[in-house]
Amino acid sequence: MHSGRKQEDGERYQAILETAARLICERGYEGTSMQEIAAACHMTKAGLYHHVQNKEQLLSDVMSYGMSAFEQEVLEKVRGLADPVERLRECMRLNIHLVTGVTGGCSKEVIIILHEHNTLTGEARASIDGRKKRYVRFLEDSFAEAMRLGRIRAVQPTVAAFSFLGMILWIYKWFQPGGRLTATQVADDMVDLLFTGLVTPPGVVPGAPSPLSRERPPVSGGAS
């Protein structure tokens, strides 16, 4: 009975996070009040505060929920791919699908991570930044591995990683669900656009890696 109650509370709080994410996406963090979130959840404001201490904690939990969805729907599905180029291609495709909402209902939580990344403070911000940095490092390592194997031309891993991310993270600003372009078309075209210029053509012997490929400056938490 006790475990059932805990599960019910967890499902209730997940619904609160999803509702809060929808409102924050529509109105922005500063433009969304706790009273509005409570009303949208069909709760009193006091009832909402039974689940969360304050508005910033709610934002932190929304972002953590989005990061967990990203790690489950993207990173866990590509880490086991042996070919670094296929790993990066699939990672990009899955990440685009997540941002555009193809893989489920967490696109709003992921968008909030992008749009409200400077809003959090203290330990909450450090936690989210740490998880984002691990993704950047995963991309850098994958690009570096692809170069070592001669699968792509010599590029600077950090530049490649942030170029990869920049293409994906801007999508939420312009992609229109139900518009002329489908999410699958966008994903396929973006993967083709980035990797056609990177992949070493068959039969071409790649040159020695550029000295730049061995340099990896510190990653800025805010840039990701």
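This report walks through a predicted model of an all-helix chain, from its overall make-up to a few single residues.

**Ground rules.** Since the model is predicted, local features need pLDDT of at least 70 and side-chain atom pairs count only at pLDDT 80 or more, while totals for chains, interfaces and linings use all residues. Residues are numbered from 1 along each chain as its sequence is written, and side-chain values use heavy atoms, with hydrogens and water left out.

**Overall picture.** The protein chain has 10 helices and 0 strands, where helices (H or I, at least four residues) and strands (E, at least two) are DSSP runs numbered from the N terminus. Read from that end, the order is α-α-α-α-α-α-α-α-α-α. Of the 224 residues, 42% are buried; buried means under 20% relative accessible area, exposed means over 50%, and partly exposed is in between, using a 1.4 Å probe and protein chains only. A contact here means heavy atoms within 4.5 Å. Taking contacts with a separation of 6 or more, 72% join residues 24 or more positions apart.

As for confidence, pLDDT (the predictor's confidence in each residue, from 0 to 100) averages 84 over the chain, and 83% of the residues score at least 70. Residues 207-224 are another story: pLDDT stays under 50 there, and the model has 33 contacts beyond four places in sequence for them. Where pLDDT is low, the predicted coordinates should not be read in detail.

**The core.** A nonpolar core is a set of buried Ala, Val, Leu, Ile, Met, Phe, Trp, Tyr and Cys residues joined through side-chain atoms within 4.5 Å. The largest one has 63 residues, and the members touching the most others are Leu58, Tyr135, Leu139, Phe164 and Phe195. Two or more residues each come from helix H1 (2-27), helix H2 (34-40), helix H4 (55-78), H5, H6, helix H7 (122-148), helix H8 (157-169) and helix H10 (183-196). H4 gives the most, with 9 residues. Leu139, one of the best-connected members, has contacts with Leu88, Cys91, Ala161, Phe164 and Leu165, leaving aside neighbours within four places in sequence.

H6 is mostly covered, with 7 of its 9 residues buried. Those are Ser107, Glu109, Val110, Ile111, Ile112, Ile113 and Leu114.

**A pocket.** Pockets and cavities are found on a 1 Å grid over the protein atoms alone: a cavity is a set of points where a 1.4 Å probe fits but cannot get out, a pocket is an open set with protein on both sides within 12 Å along at least five of seven lines, and lining residues have an atom within 4 Å of a point. Grid points are joined across faces, edges and corners, and a volume is the space filled by probe spheres set on the points. By that recipe, the second largest pocket holds about 150 Å³. Its lining consists of Val99, Thr100, Ser107, Ile111, Ile171, Tyr172, Phe175 and Pro177. Helix H5 (84-100), helix H6 (107-115) and helix H9 (171-174) are the elements that give two or more residues to this lining. The lining splits into 6 nonpolar, 2 polar and no charged residues, with Ala, Val, Leu, Ile, Met, Phe, Trp, Tyr, Cys and Pro counted as nonpolar, Asp, Glu, Lys and Arg as charged, and the others, Gly among them, as polar.

**Some residue pairs.** Here are four pairs, with their C-alpha distances.

| Pair | Apart along the chain | C-alpha separation |
|---|---|---|
| Val78 and Glu90 | 12 residues | 6.7 Å |
| Gln57 and Ala124 | 67 residues | 8.0 Å |
| Pro177 and Gly101 | 76 residues | 8.5 Å |
| Gly197 and Arg153 | 44 residues | 8.6 Å |

Val78 is in helix H4 and counts as buried at 0% relative accessibility. Beyond four places in sequence, Val78 is in contact with Arg87, Glu90, Cys91, Leu94 and Phe138. Gln57 also belongs to helix H4, but is partly exposed at 27%; its contacts beyond four places are Tyr13 and Val52. Pro177, from the loop between H9 and H10, is exposed at 65% relative accessible area. Gly197 lies in the segment after H10 and is partly exposed at 42%.

**One backbone oddity.** Most residues other than glycine have a negative phi. His42 is not a glycine, yet has a positive phi of about 60°. His42 is found in the loop between H2 and helix H3 (45-51) and is exposed, with a relative accessible area of 75%.
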